[in-house]
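Hi everyone, thanks for making the time this morning. Let me put the sequence and the structure up on the screen, and then I'll talk you through them.

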Amino acid sequence: METPVLEVKHLKKYFKTPAGQLHAVDDVNFTIEKGHTLGVVGESGCGKTTLGRTILRLLEPTSGEIYFNGEDITKAKKDRMKAIRRQMQLIFQDPYASLNPRMSVAEIIKEPMIVNKMYPTKAELDKRVQELMEVVGLAPRLMNTYPHEMDGGRRQRVGIARALATNPEFIVCDEPVSALDVSIQAQILNLMMDLQEEKQLSYLFITHDLSVVKHISTEIAVMYLGQCVEKAPTAELFENPLHPYTKALLSAIPAIDITQRGKEMELLTGEVHSPVNPVNYCRFHSRCKFACEACKEHEYELKEVSPGHFCACPMCGSLE
């Protein structure tokens, strides 16, 4: 069996605050196979971005293990991580804030190749920049353009070109289309899917938009207050959601089909628990209409309900 590109085991990331420990990522487990995409969805503040940055070791994990191509990189030294990061890249959420306003498009794309000393001559470097710009659909005339002179779609294409500059195998995509218009979103998503097929890239795709994640993901993980509460193949999750939180998220997707417009939305009520010194039982308890006394006594772990479909709710098989 082929080794997964990424395997995460019991990953935790806590932050110290004056009020106590903030559990941003709490005991998350998953694998991503070569050429596949794991979509990570959930409300703002659920730990999606922290998860991505911890996997890349931009934030140091509190505990747990991160395996990249079978190698445990959790405690890898600085020099080793520099080499590994050539294969692990990041596309940022805001295509304007993530680009240096004092650098031209060509300089932005060149930078990671210069840092990693990938090409010995300026001619080779310039040729590679032109190739990358062509790959992501940027006209050669934009080489000396600055970020403020471009629209959001072109800026994000620059960000994608920069991420591809080191020929990575794995890319964390942190809400890469949320700041773009819908028509531009479609272009960027299609570009990313074409690049994935061509180069066999693996993605961790972070988003709060379930319509977007359905379009691009092989598998989806649903996060709530730092924990993964459900994980399943994309088609299975949309056809047969099990966790009450997942059902509420799916019910909030605007319906295009006129026959579905009368469908009742599941509104979440109740208090959201604090991620600082969180409760040691079900964190969704206060917002769940199916909650019972047992939910105040246990912190449920992901369990396989059907092949490949995991859920952290003891009643998931019987919820209507």
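I'll go through confidence, the cores, one helix, the cysteines and the cavities, in that order.

Please keep in mind that this is a predicted model. The average pLDDT over the chain is 90, and 95% of the residues reach at least 70. If we go element by element, strand 8, residues 202-206, has the highest mean pLDDT, at 97. The lowest mean belongs to helix 7, residues 210-216, at 88.

Now to the inside. The largest nonpolar core has 38 residues, and the members that touch the most others are I109, I160 and M192. Which elements each supply at least two residues of this core? They are helix 3 (105-115), helix 4 (122-135), helix 5 (152-164), strand 7 (170-174), helix 6 (182-199), strand 8 and helix 7. So both ends of our confidence ranking, strand 8 and helix 7, turn up again here. Take I160 as an example: setting aside neighbours within four places in sequence, I160 is in contact with I91, V136, I188, L191, M192 and L195. M192, then, is both a partner of I160 and one of the three residues touching the most other core members. There is also a second, separate core of 29 residues, with V5, L11, I84 and M223 among them.

Let's look at helix 3 for a moment. Its buried residues are V105, A106, I108, I109, K110, P112 and M113. Do notice that K110 is on that list. The buried residues of helix 3 pack against helix 4 and helix 5. After helix 3 comes K117, with a positive phi near 50°.

On to the cysteines. How many disulfides does a search of the whole structure find? Zero. For C173, the reason is distance: the closest cysteine sulfur, in C46, is 16 Å away, and that is too far for a bond. C173 counts as buried because its relative accessibility is 0%. C311 counts as buried too, at 2% relative accessibility.

Last, the cavities. The structure has two of 30 Å³ or more, and the largest holds about 90 Å³ of space. The largest cavity is lined by 14 residues. Closest to its centre are P244, C282, C288, C295 and C313. Four cysteines appear in that short list, and yet the search of the whole structure gives zero disulfides.

That's my tour, and I'm happy to go back to any part of it on the screen.

How values were computed: Residues are numbered from 1 along each chain as its sequence is written. This is a predicted model: local features need pLDDT of at least 70, side-chain atom pairs count only at pLDDT 80 or more; totals for chains, interfaces and linings use all residues. Side-chain values use heavy atoms; hydrogens and water are left out. pLDDT is the predictor's confidence in each residue, from 0 to 100. Helices (H or I, at least four residues) and strands (E, at least two) are DSSP runs, numbered from the N terminus. A nonpolar core is a set of buried Ala, Val, Leu, Ile, Met, Phe, Trp, Tyr and Cys residues joined through side-chain atoms within 4.5 Å. Buried means under 20% relative accessible area, exposed over 50%, partly exposed in between (1.4 Å probe, protein chains only). Contact means heavy atoms within 4.5 Å. A disulfide is a pair of cysteine sulfur atoms within 2.5 Å. On a 1 Å grid over the protein atoms alone, a cavity is a set of points where a 1.4 Å probe fits but cannot get out, and a pocket is an open set with protein on both sides within 12 Å along at least five of seven lines; lining residues have an atom within 4 Å of a point. Grid points are joined across faces, edges and corners, and a volume is the space filled by probe spheres set on the points.
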